[in-house]
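User: Please take a close look at one part of this protein, the strand pairing around its first strand, and then set out how the domains meet.

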Amino acid sequence: MPTDDRVLLSVRDLHTTFKTDDGDVKAVDGVSFDVHRGEVFAIVGESGSGKSVTSMSILGLLPPDTADIQAEGILWKGENLLEGSAGRLREVRGKEIAMIFQDPLSALNPVHTVGKQIGEMMRIHEGASRKQAKARAIELLKLVGIPQADRRVDMHPHEFSGGMRQRVMIAMAIACNPDLLIADEPTTALDVTVQAQVLEVLLSIKDEIDSAIMLITHDLGVVAGLADRVMVMYAGRAVELGTADEVFYETRHPYTLGLLASLPRLDDSGREKLIPIKGSPPSLLRRPSGCSFHPRCPFARVPGICNETEPPLHLVGGMAHVSACHFAEDMKNVGVAELREEETLA
Ligand code: SF4
């Protein structure tokens, strides 16, 4: 059990397995991390890496008939949520931990005004009267930067633009002053300018209500300048975890480096230059032997250690910078430029 009182959430050795007709799919396979009060903790990975399943497992949002969740503990302020009742989990969800989804249109109810939907959270969790809830909904809409909030509080979701709807979702999520906001691909559906605005709102809200944010995204670019710490996931496992500076500037895993190299950059001719990671993520039904990343890794030593032995997460620098690569030490001398060279020679 964590003794550090900055730790809000502590996930220990989480395993989430889906039962399918073709066999067991280990969507999350032994993931551990902490989220500290006041920080932005980002979980990054391609689709199928297990990042969203991790957050759904924490909140108990997966169907129990198909998803088996096992962990040493999912500790929320020291209380093991896995041992709590369904009622206790419902209480934590929404009031203490709130979620912001990628697609506000499917998360918002089209037949109710946004004011009613924001107010509903306070009526359920805090017993607020209708009048109090509406007044607070207007306050929250103002806080997330929606102009003419007194008028817009009575409008329906379809009357808002995509970016404004995402702000409404944020207002809904912060209605009960949660300690932790889980934002799952909160800006993926938005254009770049609106994306930046929504992320700015999220960051200012974090300070305003003194919460932590767990940001889940496939886009390492979204995380830059926003996250305090970053966990990179691949095929259901954490492959690198450290402060944002460590992960971005002292990268110790080829997959993280691949994600960095696939971010848009300007080359000499002023055009965007991308180096996509070759191949696709593996099927979790037939995970590659040894290091799961070896079929796509430009630095893999195969046949040999990379396809034979699974690399454990180990300390590679700083206080808690860890990587699951046999050759993490060698990665000290490798950056995006060297990766480009490797890819050209391959
Ligand atoms: Fe690549 Fe081998 Fe490191 Fe895996 S262990 S990331 S295959 S170099």
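Analyst: Two strands are taken to pair if DSSP finds at least two bridges between them. Strands (E, at least two residues) and helices (H or I, at least four residues) are DSSP runs, numbered from the N terminus. This is a predicted model, in which local features need pLDDT of at least 70 and side-chain atom pairs count only at pLDDT 80 or more, while totals for chains, interfaces and linings use all residues. Residues are numbered from 1 along each chain as its sequence is written, and side-chain values use heavy atoms, with hydrogens and water left out.

On these terms, β1 (residues 7-20) pairs with β4 (residues 67-70) through four bridges in the antiparallel sense. Within this pairing, Thr17 of β1 has Asp68 as its bridge partner in β4. β1 is also joined to β5 (residues 73-76) by four bridges, and these two strands likewise run antiparallel. Here Leu9 stands opposite Trp76 of β5. A further antiparallel pairing links β1 to β2 (residues 23-36) over 11 bridges. Leu14 is matched with Val31 of β2, and a hairpin of two residues connects β1 to β2.

The strands above belong to a protein divided into domain 1 (1-96 + 182-346) and domain 2 (102-177); such bounds come from an automatic or database domain assignment. The C-alpha centres of domain 1 and domain 2 are 30 Å apart. Where they meet, 19 residues of domain 1 are in contact with 14 residues of domain 2, contact meaning heavy atoms within 4.5 Å. About 1,400 Å² is buried between domain 1 and domain 2, and carbon and sulfur atoms give 67% of this area. Buried area is the accessible area (1.4 Å probe) that two parts lose on being put together, summed over both.

One salt bridge is counted between domain 1 and domain 2, a salt bridge being a side-chain nitrogen of Lys or Arg within 4 Å of a carboxyl oxygen of Asp or Glu. Glu126 and Lys95 form a salt bridge in which the closest N and O atoms are 3.8 Å apart. On the side of domain 1 that touches domain 2, α2 (86-96) and α8 (192-209) each supply at least two residues. The most comes from α8, with eight residues. By type, the residues of this side of domain 1 comprise nine nonpolar, three polar and seven charged, where Ala, Val, Leu, Ile, Met, Phe, Trp, Tyr, Cys and Pro count as nonpolar, Asp, Glu, Lys and Arg as charged, and the others, Gly among them, as polar.
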